[in-house]
Amino acid sequence: MAEQRRDQGDGRGARESAGAAGEARRRSVRAEEAHAWGALVATARRTVSDGLVVGTSGNVSVRVGDTVLVTPSGVPYDRLAPADTVGVDLDGRQVLGTLLPTSELPMHLAVYRSTDAHAVVHTHAVHATAVSTLVPELPSVHYMSGALGGPVRVAPYATYGTEELAENMLHALTDRSACLLQNHGTIAYGTSLDQAFDRTAQLEWMCRLWLTASSVPGLSPTLLTGEQVAEAGERLRGYGQGGARRGEG
């Protein structure tokens, strides 16, 4: 895949191509940004260890004020260090580092400009990508669809790294916190890196569940109604130790 080829390697070419221009626009990394970068790198590595991406085929970002920290193009996550911090402003101008940002920067910036997101995770998860080639919307096979705002839509295919893909994604994300990208993968956002990652993992699990249930000969999985998904979504807003309601787990 072209996107994956660009986002693999050891980063030397990306570092060199930034050159003097990168030096000119670079500023010092602030303490809050350094902390956020460490969390971003940990999340990016987790996408690999949990099988959501291969190599550096996905990307992760986190917003700190008006700066978006994002994984660079061409550097395996296990090699990322504090000195590799990459940051851009909301217009895409690089303000931190000399490594090139991920080729999927337009998608990340579109999410931050249009939502209250503080973190974005994009993956090429196998089951989710498979579902994106089969249906225009993930069938509501589980109530956790409600945690993502409702039935998960599939954004029509467009070439990676383009504004067209970012626009298609935004339409699919309307009133949702995650969507599938046709013949491509997933994108999810949240108020934190943990939440964005958890939504990504949950989406991959639901896609695997639907594919598994759909594979039984002669049977079709029972689907939830829109009302049932909406009710679950409302209850899930209070889920956890800090919520007014308690969930199952």
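Aspartate 175 counts as exposed in this predicted model, because its relative accessibility is 63% and the cut-off for exposed is over 50%. Aspartate 175 sits in the loop between α6 and β7. Its backbone also deserves a look: although aspartate 175 is not a glycine, its phi is positive, at about 60°. Asparagine 183 is another non-glycine residue with a positive phi, here of about 55°. The loop that holds asparagine 183 is the one between β7 and β8. With a relative accessible area of 49%, asparagine 183 is partly exposed.

The turn containing asparagine 183 leads straight into the sheet. β7 and β8 form a hairpin, and three residues lie between the two strands. Strand β7 covers residues 178-181 and strand β8 residues 185-190; they pair in the antiparallel sense, over four bridges. Within this pairing, leucine 181 stands opposite glycine 185 of β8, and cysteine 179 has isoleucine 187 of β8 as its bridge partner. On the β5 side, histidine 122 stands opposite isoleucine 187 in β8. Strand β5 (residues 119-123) runs antiparallel to β8 and is joined to it by five bridges. In general, strands of a sheet pair through backbone hydrogen bonds, in either a parallel or an antiparallel sense.

These pairings belong to a wider arrangement. Eight strands make up an open sheet with mixed pairing, and their order is β4-β3-β2-β1-β5-β8-β7-β6. The edges are taken by β4 (94-96) and β6 (154-155); each has a single partner strand, so one side of each lacks a neighbour in the sheet. For β8, the picture is one of cover: six of its six residues are buried. As a general point, side chains in a regular strand alternate between the two faces of the sheet. In β8 both faces are covered, with Gly185, Ile187 and Tyr189 buried on one side and Thr186, Ala188 and Gly190 buried on the other.

Turning to the helices, α4 spans residues 105-114, and eight of its 10 residues are buried, so this helix is largely enclosed by the rest of the structure. The buried set consists of Leu105, Pro106, Met107, His108, Leu109, Ala110, Val111 and Tyr112. Helix α4 packs against helix α6 (residues 163-172) at an angle of about 40°, and the two axes are 8 Å apart. The two helices are therefore oblique to each other, and their crossing is right-handed. On the α4 side, the residues that meet α6 are Pro106, Met107, Ala110, Val111 and Ser114, while α6 contributes Glu163, Leu165, Ala166, Met169 and Leu170. Sorted by class, the residues of this contact comprise eight nonpolar, one polar and one charged.

A second helix pair is formed by α3 (residues 31-49) and α7 (residues 193-214), whose axes come within 10 Å and cross at roughly 15°. Helices α3 and α7 are therefore roughly parallel to each other, and α3 passes α7 in a right-handed crossing. From α3, the contact draws on Ala36, Ala39, Leu40, Thr43, Arg46 and Thr47, and from α7 on Leu193, Phe197 and Asp198. Five nonpolar, two polar and two charged residues take part in the contact of α3 with α7.

Alanine 147 offers a view of a loop and its surroundings. This residue lies between α5 (126-132) and β6. Its relative accessibility of 28% makes alanine 147 partly exposed. Beyond its neighbours within four places in sequence, alanine 147 is in contact with Ser177, Arg199, Gly233 and Leu236. Alanine 147 and leucine 203 are separated by 56 residues in sequence, and their C-alpha atoms lie 9.9 Å apart in space.

At the level of the whole chain, eight helices and eight strands are found. Of the 249 residues, 49% are buried. Among contacts with a separation of 6 or more, 68% join residues that are 24 or more positions apart.

Definitions and conventions
Residues numbered from 1 in each chain as written. Predicted model: local features only at pLDDT ≥ 70, side-chain atom pairs only at ≥ 80, totals over all residues. Heavy atoms only, no water. Buried < 20%, exposed > 50% of the residue type's maximum accessible area, 1.4 Å probe, protein only. Axes fitted to C-alpha atoms, helices over the stretch in contact; angles between N-to-C directions. Parallel < 35°, antiparallel > 145°, perpendicular 65-115°, else oblique. Left-handed = near helix turned anticlockwise from the far one by under 90°. Contact = heavy atoms within 4.5 Å. Nonpolar A, V, L, I, M, F, W, Y, C, P; charged D, E, K, R; others polar. Pairing = 2+ DSSP bridges.
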